[in-house]
Structures are given as structure tokens and as C-alpha cells.
Amino acid sequence: IGGMFVPALIYIAINYGNTIALQGWSTPVATDIAFALGVLSLFGRRVPVALKLFLLALAIFDDIGAILIITFFYSNGLSLFWSVIAMLILVTLFLLNRFGIRCLAFYLLLGALLWISLLLAGVHPTLSGVLLALLIPNAHRLESALHPWVVYLIMPLFALINAGFSFYGLTWDTVTGGVTLGIVLGLFFGKQLGVFGFSYLLIKLKAAKLPASTSWFELYGVALLCGIGFTMSLFLGTLSLAGETSCLSGVRLGVMVGSILSGLSGAAVLWFFFARK
């Protein structure tokens, strides 16, 4: 929660009064699970398992939070008819799961219909993936089958399409503008303050425990890595500021700079700590 709340607060504070730029408040709340874990995995077995689980759990929660933001803030006027259809499909999926039906074809067909129903209902269809995943029995089998496609095709394609890598129209005003600064500061400072600060507070209040075999220094390094927003931040930014072409180059620049700063800083902190052990 801290890792989502603080970056959004920083972005809002910087862009307060600019109604167009404020639409992009959700851009720095996301953590790119693949890239953050990828950087952490560079240190191999030196990373405590509990610390990997901490980052994985946080990033998954972050992604769910991002999907909920999309659902509630970026969905268009709801259609009652298609919402009912979507609910009926969900009930059918639940019953198939409840009675032990294992045929993946049924789930995938209903999943496609759920995606269409949510789209027509005015709810962002990203939510259908999460709901379907919760209801597929033995989902790890499907996950294993899809893994090569996701890693080598879908993720790179998703990243490139959302990044665009076109800074057409980029000016000094864009570089110093509220959208760019809000995202950079939100990802780099907001994430580390939110994740590490809230974790520190809860641990000191004995509401949580420091991950096993982990130091505060390592936890801080991981908090820095949480500022790698990349694909999810680009997705949220382009979605929230769709049509505002003057802001989109700022979104791309801000996400790139904020993610690179976070990734390099997190890697440097962890390398320094592990080198001394």
C-alpha cells in the first residue's frame, strides 16, 4: 500500500492544479515484476529466499492494485446487460472448478467470452485475466505451457508497443514538465519511501517481521528495485493520458528515467552489501 500511495501522492503534489497532467497520477504506482525480479536474480544465491518472496509478493499485490485502478478509474460507463453476462460466465467458471472439471478448453473458451463481456460492459478487460487465473484448476500446467510465449514474445512485444521509443516532439518543457518529474520522482523516491518506510514502521510496531536472514540494508535495496515501473507504468500512463499527445512523450521519458535510476541504484546498494559479506 505504501509503495502505491506515496508515489501517487508525490505525482499529485507536483501536478496539483494541472487537470490534464493529474489524470496520469496512477503511472508511478506500478512495479514491473519481471524486470525487478530479473535485477534481483543477478545476485544469484546470495539473495535470501525470503527476500525474493517479499519482492514477488509485493509486485503481485502491486499488479493487482494496478488492475483495480484500471477497473475503477479507467473503465467507461457500465452496461448492466453485459455486466450480468460477465457474472453468469464467472459463476459458470466457479461451478466448473467446484465440480472438478479439468478440461482447459472449457475454461479458455469461457475466458475469451468473459474478456468480451467485460469489454462490452465498460470494464477494462484486463480484469478478466486475473479472474480466470483464480478459477482455472491446476493453473500451473497452463502457466508452464504459456511461459515461453510470454517470456520471448508477449512481454517484449508488450514492452515495445507501450514504450513506443518515439520521443517525437520532446522539448525542454517536456523534460522539466510536471508529468515527467512526477513520474521520475514518484518511481525513484516514492517507491523506496513507500515500500521501505511502511515496512520499517510495521516491523517496528511488531505488526510484521523482517524477512528471514535479511538485513535492513538488503530490504532497502529491494525497495529501490520496486521503482522499476517500466511495462505496467507505461501501460497505465498511456491509458490514463490517452489522447493527450503532449503528455505521452513525458510519460515515456519519465518511466524510462525513473525505472533506470531505480534499477541501477537498487543493484548498486545490493552489490555493495553482498561484496562486503
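Helix labels on this tour follow DSSP: a helix is a run of H or I at least four residues long, a strand is a run of E at least two long, and numbering starts from the N terminus. What you have open is a predicted model. Grab your selection tool and off we go.

**Stop 1: the loop after α10**

Select S213. You're now in the loop between α10 and α11, with α10 covering 178-204 and α11 covering 216-225. Check the backbone here: phi of S213 is near 60°, a positive value in a residue other than glycine. Is S213 buried or exposed? With a relative accessible area of 68%, S213 is exposed.

Now hop to K206, which lies in the loop between α10 and α11 as well. Phi of K206 is near 65°, another positive value in a residue that isn't glycine. K206 counts as exposed too, at 75% relative accessibility.

**Stop 2: the salt bridge**

Next, show the side chains of D62 and K191. How many salt bridges does a search of the whole structure find? The answer is 1, and you're looking at it: D62 pairs with K191, with the closest N and O atoms 2.9 Å apart. Colour the helices and you'll see that D62 belongs to α4 and K191 to α10, so this pair ties together parts that are 129 residues apart in sequence.

Switch on a surface and try to find the two partners. D62 has 2% relative accessibility and counts as buried. K191 has 0% and counts as buried as well. The cut-off for that label is under 20% relative accessible area, so both ends of the bridge are buried.

**Stop 3: α1 against α10**

Stay with α10 and add α1 (2-14) to the selection. Two packed helices are described by the angle between their axes and the distance between the axes. For α1 and α10, the axes come within 7 Å and cross at roughly 150°. Which hand does the crossing of α1 and α10 have, left or right? It is right-handed. Colour the contact by residue class: α1 with α10 brings in 13 nonpolar, 7 polar and 1 charged residues.

**Stop 4: the second largest pocket**

Keep α1 and α10 on screen and bring in α4, because these three each supply at least two residues of the lining of the second largest pocket. That pocket holds about 360 Å³ of space. To get to the middle of it, select I1, G2, F54, L58 and S199, which are the closest to its centre of the 19 residues that line it. Which helix gives the most to this lining? It's α10, with 6 residues. By class, the lining of the second largest pocket divides into 13 nonpolar, 4 polar and 2 charged residues.

**Stop 5: the largest pocket**

Rolling a probe the size of a water molecule over the atoms shows where empty space is left. In the largest pocket, about 1800 Å³ of space lies waiting for you. Select D63, G129, V130, A133 and V150: out of 33 lining residues, these lie nearest the centre of the largest pocket. The elements that give two or more residues to this lining are α3 (33-41), α4 (49-73), α6 (104-121), α7 (126-135), α8 (139-163) and α12 (230-240). Of the elements, α8 gives the most, with 10 residues. Colour the lining of the largest pocket by class and you'll count 25 nonpolar, 5 polar and 3 charged residues.

**Stop 6: two neighbours in α3**

Zoom in on α3 and pick A36, which is found in that helix. A36 has 0% relative accessibility, so it counts as buried. Measure across to L55: the pair is 19 residues apart in sequence and 8.1 Å apart in space, C-alpha to C-alpha.

Then click on F35, also found in α3. Here the label changes: at 38% relative accessibility, F35 counts as partly exposed. Draw a C-alpha to C-alpha line from F35 to E218 and you'll span 18 Å, for a pair 183 residues apart in sequence.

**Last stop: Y74**

Finish at Y74, in the loop between α4 and α5 (80-98). Is this loop residue, Y74, buried or exposed? Its relative accessible area is 16%, so Y74 is buried. For a parting distance, try Y74 and G122: their C-alpha atoms are separated by 9.3 Å, with the two positions 48 residues apart along the chain.

Methods
Residues are numbered from 1 along each chain as its sequence is written. This is a predicted model: local features need pLDDT of at least 70, side-chain atom pairs count only at pLDDT 80 or more; totals for chains, interfaces and linings use all residues. Side-chain values use heavy atoms; hydrogens and water are left out. On a 1 Å grid over the protein atoms alone, a cavity is a set of points where a 1.4 Å probe fits but cannot get out, and a pocket is an open set with protein on both sides within 12 Å along at least five of seven lines; lining residues have an atom within 4 Å of a point. Grid points are joined across faces, edges and corners, and a volume is the space filled by probe spheres set on the points. Ala, Val, Leu, Ile, Met, Phe, Trp, Tyr, Cys and Pro count as nonpolar, Asp, Glu, Lys and Arg as charged, and the others, Gly among them, as polar. A salt bridge is a side-chain nitrogen of Lys or Arg within 4 Å of a carboxyl oxygen of Asp or Glu. Buried means under 20% relative accessible area, exposed over 50%, partly exposed in between (1.4 Å probe, protein chains only). Axes are lines fitted to C-alpha atoms, for helices over the stretch in contact, and angles run from 0 to 180 degrees between N-to-C directions. A crossing is left-handed if the near helix is turned anticlockwise from the far one by less than a right angle, and right-handed if clockwise.
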